[in-house]
Each structure stands twice: as C-alpha cells, then as structure tokens.
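Dear colleague,

Please find below the structure I promised to pass on to you. A summary of what was found in it follows, and I would be glad if you read the two side by side.

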Amino acid sequence: MTRRILVSACLLGRPVRYDGRGRALAHEALTRWQAEGLLVPLCPEVAAGLPTPRAPAEIVGGDGEDVLAGRARVVDGDGRDLTAEFLAGAESAARLAAESGCAFALLTEGSPSCGPGFVYDGTFSGARRPGSGVVAARLRRAGVEVFAEDEVERLALRLSADRAG
C-alpha cells in the first residue's frame with residue numbers, strides 16, 4: 001500500500017495563510033499525487049481554531065522542538081501568546097497523519113507551525129534561525145519524514161523508493 005503525504009494546505013493554493021492567501025506550489029509531481037489521492041491537506045493553525053487572516057506569529061526563545069518541550073512559546077505580532085493553539089495544531093497534524101496513513105509531509109518553509117528547516121527568530125524583523133516549526137517537530141517525533149516545499153524532487157525519489165519497497 002502506498003503511504004500518503006500530509007501537505008500544508010496553503011501549498012495547494014488554499015487561502016489559509018496568516019495573510020489570507022495561499023502559496024500554491026506548481027509542480028507536476030504535486031499535481032500527480034493529488035490526482036492519485038496521495039495528498040492529505042491540512043492547515044494546523046486553522047485546525048486549531050485560529051482565524052484567517054490573522055496576525056503573523058513567530059517562535060520566541062527557540063524552535064518547534066523547544067515549544068514542544070515547554071522552553072519556548074509562540075506569539076503573534078500583537079504579543080498574544082498562541083502556544084496552546086500551535087500545540088493543538090501540531091497534535092491535530094500528528095493525529096491526521098496517523099489516521100490517514102501519511103509517512104511523509106510536505107510543509108511550508110519558515111512557518112512557525114510547518115517550517116521544516118528554518119523559522120523566524122521571534123523578533124518580527126525577518127531574521128531567520130535554523131530549526132523546525134511546531135508541526136514539523138511533532139511529525140518527526142511521530143516518525144513522519146518531513147520535506148520542505150523546495151524538496152519536492154527529493155520527496156518524489158523517496159516516495160518512489162517507498163513504493164518499490
């Protein structure tokens with residue numbers, strides 16, 4: 001059985017980002033996977049009840065691993081603590097991945113939820129720091145292989161190897 005791919009809904013063009021827009025990723029592999037029914041879309045922030053649009057948020061004091069461990073928190077540009085919502089979104093993503101048979105995730109880079117390789121540093125200055133968003137960290141803990149939006153080719157190779165199996 002082919003394992004499925006949890007994907008950031010914004011990458012499919014759904015208008016769920018903090019600014020009320022999508023971030024459609026045009027790639028033939030993504031189009032093919034969608035037609036094959038392999039994609040399981042999710043916006044963890046919306047799943048946790050946050051509105052669209054919403055104030056931008058960043059992780060203060062670390063990255064997603066630090067949020068999961070209680071050493072960092074997620075705040076929005078107005079200073080509102082959204083840590084509980086981001087943790088709920090991460091749990092929702094892990095649950096959906098397990099229930100849907102997702103062994104892989106294709107996530108939006110830079111997001112405090114989804115960012116697989118970097119997040120913004122919590123100063124709202126545009127500065128980046130290496131690390132994962134809360135969802136990426138939680139999915140990795142659950143054994144899901146996480147890929148950034150610019151790693152579609154690498155994911156395609158991994159999926160092919162998985163299918164050959």
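**Ala47 and its surroundings**

Leaving aside residues up to four places away in sequence, Ala47 touches Leu42 and Ser92. Please bear in mind throughout that this is a predicted model. Ala47 belongs to helix α2, which covers residues 44–47. Its relative accessibility is 41%, and Ala47 therefore counts as partly exposed, the class between the limits of 20% and 50%. With regard to Leu159, which is 112 residues away from Ala47 along the chain, the two C-alpha atoms are separated by 26 Å.

**Two points in the loops**

Two backbone features deserve your attention when you inspect the loops. The first concerns the peptide bond from Thr52 to Pro53, which is cis, its omega being near 0°. Pro53 is located in the loop between α2 and β3, the latter strand spanning 57–60.

The second concerns Phe124, a residue that is not a glycine and yet has a positive phi of about 55°. The loop that holds Phe124 runs between β6 (118–120) and β7 (128–130). Is Phe124 buried, partly exposed or exposed? Its relative accessible area is 32%, so Phe124 is partly exposed, given that buried means under 20% and exposed over 50%.

**The protein as a whole**

As to the overall architecture, the secondary structure consists of six helices and eight strands. Their order along the sequence is β-α-β-α-β-α-β-α-β-β-β-α-β-α. The radius of gyration is 15 Å, close to the 15 Å that the globule rule gives for 165 residues, so the protein is as compact as a globular protein of that length. Taken along the principal axes, the box filled by the C-alpha atoms is roughly 45 × 30 × 25 Å.

Of the 165 residues, 48% are buried. Among the contacts with a separation of 6 or more, 62% are between residues 24 or more positions apart.

**Surface and charge**

The accessible surface of the protein amounts to about 7,500 Å², and carbon and sulfur atoms account for 49% of that area. The protein carries 20 positive and 22 negative charges, and the mean positions of these two sets are 3 Å apart.

I should be pleased to receive your comments once you have looked through the model.

With kind regards

Definitions and conventions. Residues numbered from 1 in each chain as written. Predicted model: local features only at pLDDT ≥ 70, side-chain atom pairs only at ≥ 80, totals over all residues. Heavy atoms only, no water. Helix = DSSP H or I, 4+ residues; strand = E, 2+ residues; numbered from the N terminus. Rg over C-alpha atoms; globule rule 2.2 N^0.38 Å. Buried < 20%, exposed > 50% of the residue type's maximum accessible area, 1.4 Å probe, protein only. Contact = heavy atoms within 4.5 Å. Areas by Shrake-Rupley, 256 points an atom, 1.4 Å probe, with all protein chains shown as cover. Lys, Arg positive; Asp, Glu negative; His and termini not counted. Charge placed at Lys NZ, Arg CZ, Asp CG, Glu CD.
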